[in-house]
Amino acid sequence: MTARLPDQYFADVYAASPDPWRLAERWYEQRKYAITTAMLPRPRYRHAFEPGCSVGVLTELLAARCDAVTATDVAPAALDAARERLERAGLADGVEFAGRSLDDDWPTGVDLVVVSEVAYYLSAATFREVLDRECPRLGTGATLVAAHWRHPVADYPMTGDEVHELIADTADLHRLGRYRDDDVVIEVFVTGTAVSVATETGVPGAV
Ligand SMILES: C[S@@+](CC[C@H](N)C(=O)[O-])C[C@H]1O[C@@H](n2cnc3c(N)ncnc32)[C@H](O)[C@@H]1O
């Protein structure tokens with residue numbers, strides 16, 4: 001098993017279609033993004049890291065909630081499309097795009113990591129190594145949200161459920177919430193102690 005699907009696989013996918021997963025038009029995706037962003041425990045973040053940003057639809061939503069976003073992808077065509085989308089939306093100023101892989105070093109100083117529909121392209125061993133190397137570098141109180149398709153895809157090294165099992169087994173990541181249906185699993189984790197949003201924000205009755 002190689003470390004991850006080859007970059008050429010995604011270059012070919014984008015050569016065949018500018019938005020291969022139709023992220024900008026499918027109601028399925030819009031709804032999933034709404035659930036993912038609604039699950040974030042904080043209204044705002046300082047610096048989000050989004051590996052595998054594709055054409056930037058989720059990046060645009062994150063840019064509205066974060067002072068800065070570092071968005072990466074292995075496909076240059078995806079990065080070009082994402083950059084154009086953020087410029088059109090007038091949100092490009094705080095967003096840095098880079099051609100990097102999820103298994104490269106993560107940026108320092110991020111308080112939000114968004115692993116959305118990307119980790120199943122890595123082998124389980126590689127993703128385990130990445131989590132064990134990078135999660136301890138996140139500061140206390142950082143959020144990691146993950147969202148992955150649950151149906152098996154023959155080409156992908158892992159299923160979405162396998163990805164989420166690996167994340168849940170990471171030292172010092174604590175699950176704050178989970179959404180799961182037949183299609184997708186979305187989970188939010190925090191570093192340090194998991195405190196519910198109601199408790200954190202002093203809603204009466206929360207313990
Ligand atoms: C299905 S799209 C997900 C887009 C976005 N994260 C979302 O949830 O809508 C997957 C993207 O991951 C990129 N990708 C594939 N392998 C990657 C890797 N090892 N590191 C970073 N990005 C990768 C692909 O080029 C593609 O643009």
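Start with the ligand: the space it takes up is the largest pocket of the protein. Keep in mind as you look around that this is a predicted model.

So who sits around the ligand? The shell counts 20 residues, and those that come nearest are Tyr14, Tyr33, Gly52, Asp73 and Ser116. Sort that shell by class and you get 11 nonpolar residues, four polar ones and five charged ones.

Now zoom in on some polar atoms. Asp73, one of the nearest residues, puts a polar side-chain atom 2.6 Å from an oxygen atom of the ligand. Ser101 also brings in its side chain, with a polar atom 3.0 Å from a ligand nitrogen atom. Leu102 takes part through its backbone: an N or O atom there lies 2.8 Å from a nitrogen atom of the ligand. And how much of the ligand does the protein bury? On its own the ligand would expose 600 Å², and 98% of that is buried by the protein.

Step back from the ligand to the pocket that holds it. The volume of this largest pocket is about 550 Å³. Its lining is made up of 33 residues, and Trp21, Ser116, Glu117, Val118 and Tyr121 are the ones nearest the centre. Ser116 is a name you have met already, as it is also among the residues that come nearest the ligand. Several elements give two or more residues to this lining: helix 1 (7–16), helix 2 (27–38), strand 1 (45–51), helix 3 (57–63) and strand 2 (66–73). Helix 2 provides the largest share, with four residues. By class, the lining has 20 nonpolar residues, five polar and eight charged.

There is another pocket to look at. The second largest has a volume of about 240 Å³. It is lined by 15 residues, with Pro41, Arg42, Val190, Val195 and Glu200 closest to its centre. Which elements give two or more residues to this lining? They are strand 7 (184–191) and helix 7 (197–200). Here the classes come out as seven nonpolar, six polar and two charged residues.

How values were computed
Residues numbered from 1 in each chain as written. Predicted model: local features only at pLDDT ≥ 70, side-chain atom pairs only at ≥ 80, totals over all residues. Heavy atoms only, no water. Near = heavy atom within 4 Å. Polar contact = N/O pair within 3.5 Å; in protein donor to acceptor, adjacent residues only side chain to side chain. Areas by Shrake-Rupley, 256 points an atom, 1.4 Å probe, with all protein chains shown as cover. 1 Å grid on protein atoms, 1.4 Å probe; cavity = no way out; pocket = protein on both sides within 12 Å on 5 of 7 lines; lining within 4 Å. Sits in = over half its atoms within 2 Å of the grid points. Nonpolar A, V, L, I, M, F, W, Y, C, P; charged D, E, K, R; others polar. Points joined across faces, edges and corners; volume = space filled by probe spheres on them.
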